[in-house]
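Subject: Structure for you to look at

Hello,

Here is the structure I promised to pass on. Please open it first, then read my notes below with the view beside you.

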Amino acid sequence: MDKPAEQDPRVYFAAERTFLAWIRTGLGLMGVGFAVSRFGLFLREFRAAPGQAPAASTAHSVVAGVALVVLGVVVNIAAVISHIRTTRRLAAGTWQPGKVSGLAVTLALLLAVVGAAMAIYLLLVK
């Protein structure tokens with residue numbers, strides 16, 4: 001016989017794997033944000049070589065990079081809150097299967113908007 005969800009350790013392990021995946025996503029966003037932020041510095045130093053034109057402003061890469069790092073921090077905090085809520089619901093027996101992850105949908109939509117804005121920026125700025 002199958003155990004109820006609140007007594008089945010596989011359910012808790014699945015919740016733990018989901019939590020760790022969200023942490024990995026947040027860390028990835030922070031890493032990409034750091035790289036984007038520092039890429040502008042790299043371009044500025046690269047153009048500072050003798051015989052090159054003066055370096056253009058790299059403020060956009062810094063702002064975009066910091067925004068991605070902040071988004072990664074927010075994702076990690078939201079993951080902790082979501083994991084605590086899920087494990088409490090599992091322990092209480094009130095967890096409902098098939099519920100849509102608001103965090104995942106929000107992050108996907110936000111990243112889609114950021115990606116579209118970056119694509120438009122790259123098309124307009126030469």
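Which of the elements of the protein has the lowest mean pLDDT, and which the highest? Helix α1 has the lowest, at 87. Helix α2 has the highest, at 91. Keep in mind that this is a predicted model. pLDDT is the predictor's confidence in each residue, from 0 to 100. The protein averages 84. Of its residues, 82% score at least 70. Where pLDDT is low, the predicted coordinates should not be read in detail.

Overall picture

The protein has 126 residues. Its secondary structure comes to 3 helices and 0 strands. From the N terminus on, the order is α-α-α. Helix α1 covers residues 9-47. Helix α2 covers residues 59-92. Helix α3 covers residues 102-124.

Buried residues make up 17% of the chain. The protein exposes about 9200 Å². Carbon and sulfur atoms supply 70% of that area. Now look at contacts between residues at least 6 apart in sequence. Of these, 79% join residues at least 24 apart.

Where α1 meets α2

Start with Ser37, which lies in helix α1. Is Ser37 buried or exposed? Ser37 counts as buried, because its relative accessibility is 10% and the cut-off for buried is under 20%. Leaving aside neighbours within four places in sequence, Ser37 is in contact with Ser61, Val62 and Gly65.

Now go across to Ser61, in helix α2. Ser61 has 17% relative accessibility, so Ser61 counts as buried too. Beyond residues up to four places away in sequence, Ser61 touches Val36, Ser37 and Gly40. The Ser37 contact thus shows up from the Ser61 side as well.

Ala64 is also in helix α2. At 31% relative accessibility, Ala64 counts as partly exposed. How far apart in space are Ala64 and Val32? They are 10.0 Å apart, C-alpha to C-alpha. In sequence, 32 residues separate them.

Further along α2

Next, find Thr86, again in helix α2. The side chain of Thr86 reaches the backbone oxygen of Ser82 at 2.9 Å. What does Thr86 contact, leaving aside neighbours within four places in sequence? The partners are Ala15 and Trp95. Also check Tyr12. Thr86 and Tyr12 are 74 residues apart in sequence. Their C-alpha atoms are 9.1 Å apart in space.

Gln7 sits in the segment before α1. Gln7 counts as exposed, because its relative accessibility is 52% and exposed means over 50%. Gln7 and Ala91 are 84 residues apart in sequence. In space, their C-alpha atoms are 7.9 Å apart.

A patch on the surface

Last, turn to Ile120, in helix α3. Which residues form a nonpolar patch on the surface with Ile120? They are Tyr121, Leu122, Leu123, Leu124 and Val125. Together with Ile120, they have about 650 Å² of accessible area.

Please find Ser37 and Ser61 in the viewer first, as they are in contact. Then move on to Thr86, in helix α2, and finish at the patch that includes Ile120.

Best wishes

Definitions and conventions
Residues are numbered from 1 along each chain as its sequence is written. This is a predicted model: local features need pLDDT of at least 70, side-chain atom pairs count only at pLDDT 80 or more; totals for chains, interfaces and linings use all residues. Side-chain values use heavy atoms; hydrogens and water are left out. Helices (H or I, at least four residues) and strands (E, at least two) are DSSP runs, numbered from the N terminus. Contact means heavy atoms within 4.5 Å. A polar contact is a pair of N or O atoms within 3.5 Å; within protein, one must be able to donate a hydrogen and the other to accept it, and residues adjacent in sequence count only if both atoms are side-chain atoms. Buried means under 20% relative accessible area, exposed over 50%, partly exposed in between (1.4 Å probe, protein chains only). Accessible areas come from the Shrake-Rupley method with a 1.4 Å probe; for residues, only the protein chains shown count as cover. Patches are made of residues with over 30% relative accessible area and no salt bridge: like charges are joined within 9 Å, nonpolar side chains (Val, Leu, Ile, Met, Phe, Trp, Tyr) within 5 Å. A salt bridge is a side-chain nitrogen of Lys or Arg within 4 Å of a carboxyl oxygen of Asp or Glu.
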